[in-house]
Amino acid sequence: MLNTLTNSPRQIALGDRVTFDTDEGYQVGTVNDLRRDVSNGELHAWVELDHQWPGMFRAVPLAAIEAIKKAATPVGCPA
């Protein structure tokens, strides 16, 4: 689990459902990974989109995430 900003109480973890704003409108998906950008080091959530074609991902800067719904069971933990 990582803080989105240094002094922010917002946290994000693998498996969380997120809503974010893009130039194509609001999109929703599930966080699959957290990675840093190679060029500037900014942290991005790799989000699997709720889309008609499964397996579509988008790198979303954490600052662009509007809403987070926590996963019931964190990814990698037994249910």
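**A tour from Thr22 into the sheet**

Begin by selecting Thr22 in this predicted model, and show the residues around it: leaving aside those up to four places away in sequence, Thr22 touches Gln27 and Arg58.

Keep the side chain of Thr22 displayed and look for its polar partners. A polar atom of this side chain lies 2.8 Å from the backbone oxygen of Gly25, and the Thr22 side chain also makes a polar contact, at 3.5 Å, with the side chain of Gln27. If you now switch on a surface, you can ask whether Thr22 is buried or exposed. Its relative accessible area is 14%, and because the cut-off for a buried residue is under 20%, Thr22 counts as buried.

Next, select residues 17-22, which form strand 3, the strand that holds Thr22. Add residues 25-36, which are strand 4; the two strands run antiparallel and are joined by 6 bridges. Within this pair, pick out Thr19, which stands opposite Val28 of strand 4.

Now widen the selection to the whole sheet, which is open, contains 5 strands in the order 6-5-4-3-7, and is paired in antiparallel fashion. Colour residues 57-61 (strand 6) and residues 65-69 (strand 7), which stand at the edges; each of these has a single partner strand, so one side of each is left without a neighbour in the sheet. Turn the view to follow the twist, which averages 40° from one strand to the next.

To finish, return to Thr22 and display Arg58 beside it, since these two residues are in contact.

Key
Residues numbered from 1 in each chain as written. Predicted model: local features only at pLDDT ≥ 70, side-chain atom pairs only at ≥ 80, totals over all residues. Heavy atoms only, no water. Helix = DSSP H or I, 4+ residues; strand = E, 2+ residues; numbered from the N terminus. Buried < 20%, exposed > 50% of the residue type's maximum accessible area, 1.4 Å probe, protein only. Polar contact = N/O pair within 3.5 Å; in protein donor to acceptor, adjacent residues only side chain to side chain. Contact = heavy atoms within 4.5 Å. Pairing = 2+ DSSP bridges. Axes fitted to C-alpha atoms, helices over the stretch in contact; angles between N-to-C directions.
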